[in-house]
Amino acid sequence: MLRRRINKKQIILQGISISKGIAIGKPFFLFQKKNVPNQTLSEQEVLEEIERYRGALKKSKEDLKYLQRRFIKDGAFVVADILDAHLEILQDPVITELVEKNIRKTHKNTEVVFQQVIGEYKLSIKDKFFKERIKDITDVSWRVFSHLNPIKESLEVEKNCIIIANEINPSDVFEIKNKIVSAFITDKVGYSSHVGIIARAKGIPFIAKIDINLLNNVEIENLIVDGISGIVIINPTLKNLEKYKKLKINFFKFYVELKKQIDFLTKTKDGKDIKIFSTIESLKDVDFVFKYKTEGIGLFRSEYLFFQDRKIPSEKKQFYVYKEIAKKLKNKPFIIRLFDFGGDKDFLFKEKKDFFEINPMLGCRGIRYLIKNEDLLKIQLKAILKASIHGNIKILIPFVSNLSEISFVKDKIKEVMSELKDANIPCKKVLIGMMMEVPSAAIISNIFIKEVDFCSVGTNDLMQYIMAADRANNDVNVFFDSLDYSILKLLKEIVDNSNFYGKPLILCGEMMLNPKFIELLIGLGIRNISLSARQMLEIKYLIMKINASLAEKKVKKILTFLN
Ligand code: PEP
Ligand code: MG
């Protein structure tokens, strides 16, 4: 057995801040050995436990076989071979039979027994050649663990914990309640990833780029997550604990101060109006529009409706959500973005298990997926158009890279409208916008803008695709934290074209959240922005400190200087 080194000294680790805020709490290791429950079972429970173990094995095998089929289909034979090794490990009687035997013998739960068997199995590998296999065994045991303890269930037991994990999925963060989880620490995860977006929307502090393996031999009693400077303090000294308790209170007080400006109109120092809209992900988020007195909904990420039932919502369910939001908003704008599945929002595909892409960021995202799955598109359009009579609804097309995608949606809207008319169901004409987030469209924005009624710049994706830097990968975070001339120039062209053709433009995405960029964006002529509730007040505060005319001059100077 491996002996654990006890180390309760304070350790400070520097990562990058994904979501601001301060949390103090106990660690909760996700799918890691520190998370293993230890139970003694009765005779009857032993039989149930063996069934549970077999169930987790079965699900793990299914996962692997499915992944393998997909990799083979895509010609990734090397990966398929690795998965073969994983399957072999899962079927190795040295492991499978021994685990069952030991559950019977020790009356301990699967996690304890499985971990022990796997640990001994790893130690038994002496041959250097097979040492590589240890990584495979670790991967396999994680997979089995994740099926034994799906995240939702495991989190119900812990309160106010700080989740520590190598990686985390958007679906996991979406389901988490603030009262249960007070912060996240991960290794991977980029600032503009959807995991980051949801954590910020929920106001949960989050630090990434922390090597989780460093923590394996450290006994952690409690820890501090400083989401302002991106620091994690393990086993803090009393002095630091006190300091951060005070900081937490100050952080809260700062927000109370910010709240006082809710009633003010958002104007720059020199009086230019900036319209702030809300970006929302669910029906209940609509309340933020009234809480923060925004102009309406600038972006509804409708694909998140998927989470409630873990399947694509029916037309009836969608109609209900769209109608409720539209009614609540009265006549305020309500921009519904059509389902934007794909990229790092691959949850739909994970569930469906009939869709796999090696490179999802360059795959069947957004409108591409909807064109391939026309039924899905028509159901969504029907629900939106039926709800249209209840408010000021507009449709936004995600991930447009080709003009034909816009005409496809327009044709489908016409089709659905005529079907509704035939069935005597009332609906209204709605405005159609596009997400300007793929370079092929942004480079010739003048041509695309003419085809739509309004336009939303998706800065997360635009930056990702222009800089060829994965928004979910924090190793290339630097490309999102600095503004390349290419982006500046492109944004200026998009703003100018939208002004020239008189088509409203809304800036969406995380770019506006970076204080470094606010002045530049105002200087570029951005006048409408859509933000998540939690960041709204801080950004409003910063905008009100800016002199727009001066900012415009600065941008002009930069652009001429670089030209
Ligand atoms: C964006 O790309 O900037 C955007 C707003 O959409 P999403 O983050 O959902 O891709
Ligand atoms: Mg996008």
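These are my notes on salt bridges and a magnesium site in a predicted model.

**Entry 1: the count**

I started with the salt bridges. The structure holds 30 of them. I picked three pairs to look at one by one.

**Entry 2: E510 and R200**

I looked up E510 and found R200 as its salt-bridge partner. The closest N and O atoms lie 2.5 Å apart. Where do E510 and R200 sit in the chain? I placed E510 in the loop between β15 (505–508) and α23 (515–524). R200 belongs to helix α9, residues 194–202. The two are 310 residues apart, and the pair links distant parts of the chain. I then checked burial. Both E510 and R200 are buried.

**Entry 3: D475 and K209**

Next I took D475, whose side chain meets that of K209 in a salt bridge. The N to O distance is 2.5 Å. This pair also links distant parts of the chain, 266 residues apart. D475 is in the loop between α20 (459–467) and α21 (478–481). K209 is in the loop between β6 (206–208) and β7 (223–226). Is D475 buried or exposed? I found a relative accessible area of 55%, so D475 is exposed. K209 has 36%, so I noted K209 as partly exposed.

**Entry 4: E415 and K378**

My third pair was E415 and K378, with side chains that meet at 3.0 Å, N to O. E415 lies in helix α17 (residues 403–422) and K378 in helix α16 (residues 374–387), so this salt bridge ties together parts 37 residues apart in sequence. I checked exposure for each partner. E415 is partly exposed, at 30% relative accessible area. K378 counts as buried because its relative accessibility is 18%, and the cut-off for buried is under 20%.

**Entry 5: a network**

I then looked for salt bridges with shared partners. One network joins E303, R337, D340, R365, D461 and R471. I kept D461 in mind for the next entry.

**Entry 6: the magnesium ion**

Which residues are the protein donors of the magnesium ion, ligand 2? I found E437 (OE) and D461 (OD). They lie 2.0 to 2.2 Å from the ion. E437 lies in the loop between β13 (431–436) and α18 (439–442), and D461 in helix α20, so the pair ties together parts 24 residues apart in sequence. I looked up burial here too. E437 counts as buried, at 1% relative accessibility. D461 also counts as buried, at 3%. I closed with one link: D461 is a donor of the magnesium ion and a member of the salt-bridge network.

Technical notes:
Residues are numbered from 1 along each chain as its sequence is written. Chains are lettered from A and ligands numbered from 1 in the order in which they are written. This is a predicted model: local features need pLDDT of at least 70, side-chain atom pairs count only at pLDDT 80 or more; totals for chains, interfaces and linings use all residues. Side-chain values use heavy atoms; hydrogens and water are left out. A salt bridge is a side-chain nitrogen of Lys or Arg within 4 Å of a carboxyl oxygen of Asp or Glu. Helices (H or I, at least four residues) and strands (E, at least two) are DSSP runs, numbered from the N terminus. Buried means under 20% relative accessible area, exposed over 50%, partly exposed in between (1.4 Å probe, protein chains only). Donors are N, O and S atoms within 2.8 Å of the metal (3.2 Å for Na, K and Ca); water is not among the atoms, so sites may look incomplete.
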